[in-house]
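Q: Please take a close look at one part of this model: the seven-stranded sheet and what packs around it. Keep it brisk, and give the cut-offs as you go.

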Amino acid sequence: MIPWLDDDSLEFPPTRRALGPRSDAPGLLAAGGDLRPARLRAAYAQGIFPWYSEGQPILWWSTEPRMVLKTADFKLSRSLRKTLARFRRTPGCDIRVDTATDVVLKACASTPRDGQAGTWILPDMQQAYLQLAQEGTVHSVETWMDGELVGGLYGVNLGRMFYGESMFMRRTDASKIALAALVCLCREHGIPWIDCQQQTGHLASLGAAPVTRAAFESHLAQYVGQPAPQDWTYHPRLWAHLEAGDGGPPAPEEGPADASDAAPTL
């Protein structure tokens, strides 16, 4: 039996009680409760996340293994490197953070997914994450071209940990550009891991790899309690983190960058 959460308590069952790999729902931990900010923060701090479809109760998960992108391991392919270079030098192309989070959420919700008939980013879920965004806990990284939002992603930030939730694109590689920008932001702010939740070939091609639940929770215990970054502004100089390639400080620029020289685009 899956335990039903007490509405008056923020406690979750121990994650070791999540359903195992031979069950019909590997990683399912609990059901019920609500999506109020305090519960969501308590869940993410323990590596637990909500994921459910229309007509279902709120379902809470702790997957084993856990897909993680270590920011030092981000794979910048030759083609993506060329795309980023073109994006940076094209006028009207730039990365913005938290300027259209509601639009990003809706776009992610409406993006078709392989093997999924509908979306798990339901209206109640969108409202919950928008409330967290107002509190500075949820951030959207957005790819803009000529004033148009063409791709992006959003996720949860607790301390020095970022939990990626979903991404979308309306032009080729626009979501990858946003992810590359997120990697730069995380390297700048000392965030070594981005949670990707589920294992996919696409994420693996970008450098993500599975870790055990124990390793994931150990990492959270070390980083979630640290001070969270206060300024998520994307500065063009942050692209230098990809040139450094090791998560260390960015390499010095050869000269001052202007808006067209440093913006991310296709």
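A: Helix 1 (residues 37-45) lies across strand 8 (148-158) and strand 9. The helix runs at about 80 degrees to strand 8. Axes are lines fitted to C-alpha atoms, for helices over the stretch in contact, and angles run from 0 to 180 degrees between N-to-C directions. Contact means heavy atoms within 4.5 Å. Helices (H or I, at least four residues) and strands (E, at least two) are DSSP runs, numbered from the N terminus.

The model is predicted: local features need pLDDT of at least 70, side-chain atom pairs count only at pLDDT 80 or more, and totals for chains, interfaces and linings use all residues. Residues are numbered from 1 along each chain as its sequence is written, and side-chain values use heavy atoms, with hydrogens and water left out.

Now the sheet itself. It is open, with seven strands in the order 6-7-8-9-10-5-11 and mixed pairing. Two strands pair if DSSP finds at least two bridges between them. Strand 6 (93-97) and strand 11 (209-211) are the edges; each has a single partner strand, so one side of each lacks a neighbour in the sheet. On average, neighbouring strands are turned by 35 degrees against each other, direction ignored.

Further in, strand 9 (residues 161-169) and strand 10 run parallel, joined by two bridges. Phe 162 has Ile 194 of strand 10 as its bridge partner.

The approach to strand 10 deserves a look. His 189 sits in the loop between helix 5 (174-188) and strand 10 (193-197). His 189 has a relative accessible area of 17%, so it counts as buried (under 20%; exposed is over 50%, partly exposed in between; 1.4 Å probe, protein chains only). Beyond its neighbours within four places in sequence, His 189 contacts Arg 160, Pro 229 and Asp 231.

Next, the cores. A nonpolar core is a set of buried Ala, Val, Leu, Ile, Met, Phe, Trp, Tyr and Cys residues joined through side-chain atoms within 4.5 Å. The largest has 48 residues; Trp 60, Tyr 129, Tyr 154 and Tyr 163 touch the most other members. A second, separate core of 38 residues includes Met 67, Val 141, Cys 186 and Leu 238. In soluble globular proteins, nonpolar side chains tend to be buried together.

Finally, the setting. The protein chain has nine helices and 11 strands. Of its 266 residues, 51% count as buried. Among contacts with a separation of 6 or more, 75% join residues 24 or more positions apart.
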